[in-house]
Amino acid sequence: MSEVLELAESVLSGSSSTGTDLDAALWRALEETGLARLTLAEAAGGSGASFADAAEVLQATGAHAARVPLVETDLLAGWLLHSHGIAVPDGPLTAVAADGDTLTRVAWAREVAGIVVLTPSEVLLLTVDGLEITAGANLAEEPRDTVTRPEVVAARADLAPGAAAEFRLRAALGRAQLLAGAARGALARTVRYAGERVQFGRPIGKFQAVQQQLALAASEVAASGAAASAAAATADRDGFGAPSTAFAVAAAKARTGEAAGEVARIAHQVHGAIGFTREHDLRLLTTRLWAWRDEDGSDAQWQAELGATVLAAGAEALWPLVTGTP
Amino acid sequence: MTSTLSRLPALVPPPTELPPRAAALRAEVRAFLAEERAAGAWSPRADVWLSGWDERFTRELGRRGWLGMTIPVEYGGHGLGALDRYVVTEELLAAGAPVAAHWVADRQIGPTLMRFGTEEQRRRYLPRIAAGECYFGIGMSEPDAGSDLAAVRTKAVQVDGGWELTGTKVWTSGAHHAHAFFALARSAPKDDANRHAGLSQFIVDLDSPGVQIRPIPLLTGAHHFNEVVFDRVFIPDAQVLGELGGGWAQVTGELAFERSGPERFLSTFPLLTALLGELTGVSGTEREVGRIVSRLWTLRRMSLAVAGSLESGEAPELAAAVVKDLGTRFENEIVDAARTLVAIPPDPGAESGFARLLADAVLHAPGFTLRGGTNEVLRGIVARGMGLR
Ligand SMILES: Cc1cc2nc3c(=O)[nH]c(=O)nc-3n(C[C@H](O)[C@H](O)[C@H](O)COP(=O)(O)OP(=O)(O)OC[C@H]3O[C@@H](n4cnc5c(N)ncnc54)[C@H](O)[C@@H]3O)c2cc1C
């Protein structure tokens, strides 16, 4: 296990599983250990780490179904502000791309210290005082709120070229890590359950039919983790402006989104009826899989985008695109 | 939530980046393949590593230093790493180039001889393998021992100066063209308490007296498979491979190499390229194309990660099983996509092109999820890796 993952695991193992609000104790621990602003530049109070490191932390966060706006604070809001010359405020943050006055489905809006808005021409920092926030939620009951934007903003800057495209890719890259982690967490739980639940006199995990299902889920989990990690490595190597990173992120979000449904399906099947109840913690992972696969571009949207890229490039360009070597 | 992450083994090693020198090698291979295709030396086929037997092409690869790449220079190889070889093989497969003649020798026999072979065996075979002049088969399966390899019945009886083999091997790809193969046989009576003991590997020159090779045509009618019958075939002591009685560990030890390579997801890649050609200018297929490409890109990164881990001396058996299960199912998905996205029926009589590639792919597809260990058996390995068995 890498050092950063070990640190993340030790912090995350203290997270609490109930509730739908921000896990404040966990957030404090993430702040104290530097994990909350892992990729943010050191000049902005971050740790200046690679996306590969962030991938490990975010996958662990997803596996623990942790209730913290880590992608939003680190990969999106912190980066947007810093790269546009705006000081990054303390506390949890969120970010949203919007062109009207009403911001919809803003992740964690009611829990954060600041909301960063990426408009077609500007980057705005809204502090939360005086904002009208209507609570909303995704399938996992994570806050996805509606915010009415006031006239007053705390800071603003002209949008840098390429920032909007990078924002989209960062959001999808972060979400892909969370998806890969949640898939892994759901499998780990399910394997454990299959070893404990006894039917017909043996643990159900001893039945070959159940083993085959779990192995299928494992291959989806493996693909999910490999795709998410490889996309992070590509972003580290080539940067977000490179076509190779756009390709890798699209492929990773599409693949993790596709795996999510299959892993959740098998996890529920193996858990039997108990996993289908509110009292069982499996739902914390499977509802996240179902929610996150449709956020920051659904797998269908990224598939279509990837397909359009490939078809426009022509048949002979497919292999060079896949290998990242023209 | 309690820590559950650490209870699962890593299913795939971390991502591997190719060394910088790989780009130049890749460019060289691509240029060579483009030249050959332009000259009409061969046309892309599906499942080339089973069906594309072309000894001229193989010798040409040998001349260019693209066979036996990981074999040390003193044995005629090139002393390069697994990742260099990876780049060359994935380019060959993606192009649909005829690689069957050297496939088994280059992938398996070379590395196995380096690991278990005697000095004499290495000197006898390796330089010719690296030159593309010596071809091998694999003699593991038997009529009653496919998935249950420990059930092999071919018997090796000790005689003066060596062993006598009697029995039957089936599904032996390429045996009718090959110079030799590795035969797994029982050299000690079966012990039901330890079924894996008493198995040994022998290097059998296929022109030895007492060897009979009979064709088993595939669905295409083509001859790739064989039944190989031994009737008291004499194998000198010098042709025992590795340790007597150590056959089981030897054959299973190499499986990570055999199971995770690019051939486990690229068998139908030439069909995918042809499919994209048919789809140019057709709208409405973006999503399905993107879905396939996201899977393909992911599989390649997984396979590469396993190759990187092999290069650093690990044997990621679990990851290799995962890659092979996903990869071979993916090979079939391309066939389904080709059928559903384009209304061109498969034509086994066509010389080349989409209809011919589709015909070959449909008829070859059942083999993808069988050869090298069936997907059901692989899933059993994954289940064991997760602690379920
Ligand atoms: C294209 C191709 C090339 C090949 N080349 C070679 C070669 O060169 N040399 C060689 O030695 N062999 C070769 N083989 C043989 C191959 O290794 C065997 O086909 C394979 O090991 C399966 O054995 P079988 O065909 O006897 O199937 P069986 O073992 O009879 O299996 C039949 C079915 O039962 C399932 N099954 C069996 N046991 C179990 C179990 N315990 N749990 C769950 N399911 C089970 C299998 O998954 C399969 O679906 C080749 C096969 C193919 C298709």
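This section describes the contact between chains A and B, the ligand site and selected salt bridges. The model is predicted.

The interface between the two chains was examined first by extent. On the chain B side, 53 residues are in contact with 66 residues of chain A. The area buried between the chains is about 5100 Å². Carbon and sulfur atoms give 67% of that area.

Polar and charged pairs also cross the interface. Between chain B and chain A, 13 residue pairs are in polar contact, with both residues at pLDDT 80 or more. Helices of chain B that each supply at least two residues to the side touching chain A are helix 1 (22-38), helix 4 (82-94), helix 9 (269-279), helix 10 (286-311), helix 11 (317-341) and helix 13 (375-385). Helix 10 gives the most, with 14 residues. By class, the residues on this side of chain B divide into 25 nonpolar, 10 polar and 18 charged.

The count of salt bridges between chain B and chain A is 4. In one salt bridge, the side chain of B:Arg295 meets that of A:Glu220, at 3.9 Å from N to O. Side chains of opposite charge can pair when their charged atoms come close.

B:Arg30 gives a detailed view of the boundary between the chains. This residue is placed in helix 1 of chain B. The side chain of B:Arg30 reaches across to the backbone oxygen of A:Thr325, at 2.8 Å. Leaving aside residues up to four places away in sequence, B:Arg30 touches A:Trp319, A:Pro320, A:Thr323, A:Thr325 and A:Pro326. Within chain B, B:Arg30 also touches B:Glu91.

The ligand lies between chains A and B. Its shell holds 17 residues. The closest are B:Ile138, B:Ser141, B:Ser147, B:Trp171 and B:Thr374. By class, the shell has 6 nonpolar, 9 polar and 2 charged residues.

Polar approaches to the ligand come from side chains of both chains. From chain A, an N or O atom in the side chain of A:Gln208 is 2.9 Å from a nitrogen atom of the ligand. From chain B, an N or O atom in the side chain of B:Ser173 is 2.9 Å from a ligand nitrogen. An oxygen atom of the ligand is 2.6 Å from an N or O atom in the side chain of B:Thr374. On its own, the ligand has 970 Å² of accessible area, and the protein covers 66% of this.

Salt bridges were also counted over the whole model. Over all chains, the count comes to 48. One of them joins the side chains of B:Glu17 and B:Arg301, at 3.1 Å from N to O. This pair links distant parts of chain B, with the two residues 284 residues apart. B:Glu17 is in the segment before helix 1, whereas B:Arg301 is in helix 10.

Technical notes: Residues numbered from 1 in each chain as written. Chains lettered and ligands numbered in written order. Predicted model: local features only at pLDDT ≥ 70, side-chain atom pairs only at ≥ 80, totals over all residues. Heavy atoms only, no water. Contact = heavy atoms within 4.5 Å. Buried area = accessible area lost by both parts, 1.4 Å probe. Polar contact = N/O pair within 3.5 Å; in protein donor to acceptor, adjacent residues only side chain to side chain. Helix = DSSP H or I, 4+ residues; strand = E, 2+ residues; numbered from the N terminus. Nonpolar A, V, L, I, M, F, W, Y, C, P; charged D, E, K, R; others polar. Near = heavy atom within 4 Å. Areas by Shrake-Rupley, 256 points an atom, 1.4 Å probe, with all protein chains shown as cover.
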